[in-house]
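Hi everyone, and thanks for making time for this. I'd like to walk you through a structure that may be new to you, so let's put it up on the screen.

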Amino acid sequence: IKKKMKKGSVFGSVLWEEVVEEGSFVCLSYDQQLTATLLNEEIITIKNIQSNQIITTLKDFKNKISSCIFSYDCSRIAIIESSQSSVQIWDINQSSYVTKINSRNEIQFCEFSPDSKSLAICSLEDIKLWNLFDKP
């Protein structure tokens, strides 16, 4: 059954809103409880949507950030650096850097596995699946 929309009608409601600067982006966690907002291409602020409380601020990146994605369990965030062809993994609860995964090619995107233990990284030439709990 198709429903016709009246001109100018809107479905849904605004759950969260924030004013950001040009060049910023926002990433939503899978449980829709957290947002990660990039500011000035170098600072990521993670907030709880319902309380609007800042959980942590990640900064001191040596390169500009192009995107990020939350793990399914919302314990980690993968951050793609635009100029270095690398992904940084951060622990959200500890506000700490975990590791960096480098690629020989420019990284297009990445995705956590449903159990949050692996990370698939797609570059211009290949796709690799990384076990995040292996020690080097």
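Let's start with Y72. Leaving out residues up to four places away in sequence, Y72 touches Y30, E111, F112, S113, P114 and S116, where a contact means heavy atoms within 4.5 Å. Along the chain, Y72 and E111 are 39 residues apart, yet 9.5 Å separates their C-alpha atoms. Y72 sits in the loop between β5 and β6. Is Y72 buried or exposed? Neither, quite: Y72 is partly exposed because its relative accessible area is 33%. For that scale, buried means under 20% relative accessible area, exposed means over 50%, and partly exposed is in between, with a 1.4 Å probe and protein chains only.

Before going further, a word on the source. This is a predicted model, in which local features need pLDDT of at least 70 and side-chain atom pairs count only at pLDDT 80 or more, while totals for chains, interfaces and linings use all residues. Residues are numbered from 1 along each chain as its sequence is written, and side-chain values use heavy atoms, with hydrogens and water left out.

Now the overall picture. The protein chain has 0 helices and 11 strands. Here helices (H or I, at least four residues) and strands (E, at least two) are DSSP runs, numbered from the N terminus. Of the 136 residues in the chain, 38% count as buried. If we take contacts with a separation of 6 or more, residues 24 or more positions apart account for 26% of them. The chain exposes about 9,300 Å², and carbon and sulfur atoms supply 50% of that; these areas come from the Shrake-Rupley method with a 1.4 Å probe, and for residues only the protein chains shown count as cover.

Next, the inside. In soluble globular proteins, nonpolar side chains tend to be buried together. What does the largest nonpolar core look like here? It has 16 residues, and those with the most contacts inside it are A36, I44, I46, L58, F70, I77 and I79. By nonpolar core I mean a set of buried Ala, Val, Leu, Ile, Met, Phe, Trp, Tyr and Cys residues joined through side-chain atoms within 4.5 Å. Strands β2 (34-39), β3 (43-48), β5 (65-70) and β6 (76-81) each supply at least two residues of this core. Another core, of 12 residues, lies apart from it, and I69, V87, I101 and I121 are among its members.

Take A36 from the largest core. Setting aside neighbours within four places in sequence, A36 is in contact with F25, V26, C27, I44, T45, I46, C68, F70 and I77. I69, from the other core, lies in strand β5 and counts as buried because its relative accessibility is 13%. The C-alpha atoms of I69 and A36 are separated by 8.4 Å, with their positions 33 residues apart along the chain counted as the separation. Beyond four places in sequence, I69 touches C27, Y30, R76, I77, A78, C110, E111 and F112.

I55 is a useful companion. I55 is in strand β4 (residues 54-58), and it counts as partly exposed because its relative accessibility is 40%. Its contacts outside four places in sequence are L34, I46, K47, N48 and I92.

Is there any empty space? Rolling a probe the size of a water molecule over the atoms shows where empty space is left. How many cavities of 30 Å³ or more are there? The count is 1, and the largest cavity has a volume of about 50 Å³. A cavity is a set of points, on a 1 Å grid over the protein atoms alone, where a 1.4 Å probe fits but cannot get out, and lining residues have an atom within 4 Å of a point. Grid points are joined across faces, edges and corners, and the volume is the space filled by probe spheres set on the points. The lining consists of I101, N102, S103, I121, S123, D126, K128 and W130.

Finally, a backbone detail. Most residues other than glycine have a negative phi. Q32, in the loop between β1 (25-28) and β2, has a positive phi near 60 degrees. S95, in the loop between β7 (86-91) and β8, has a positive phi near 55 degrees. Thanks for listening!

Methods. On a 1 Å grid over the protein atoms alone, a cavity is a set of points where a 1.4 Å probe fits but cannot get out, and a pocket is an open set with protein on both sides within 12 Å along at least five of seven lines; lining residues have an atom within 4 Å of a point.
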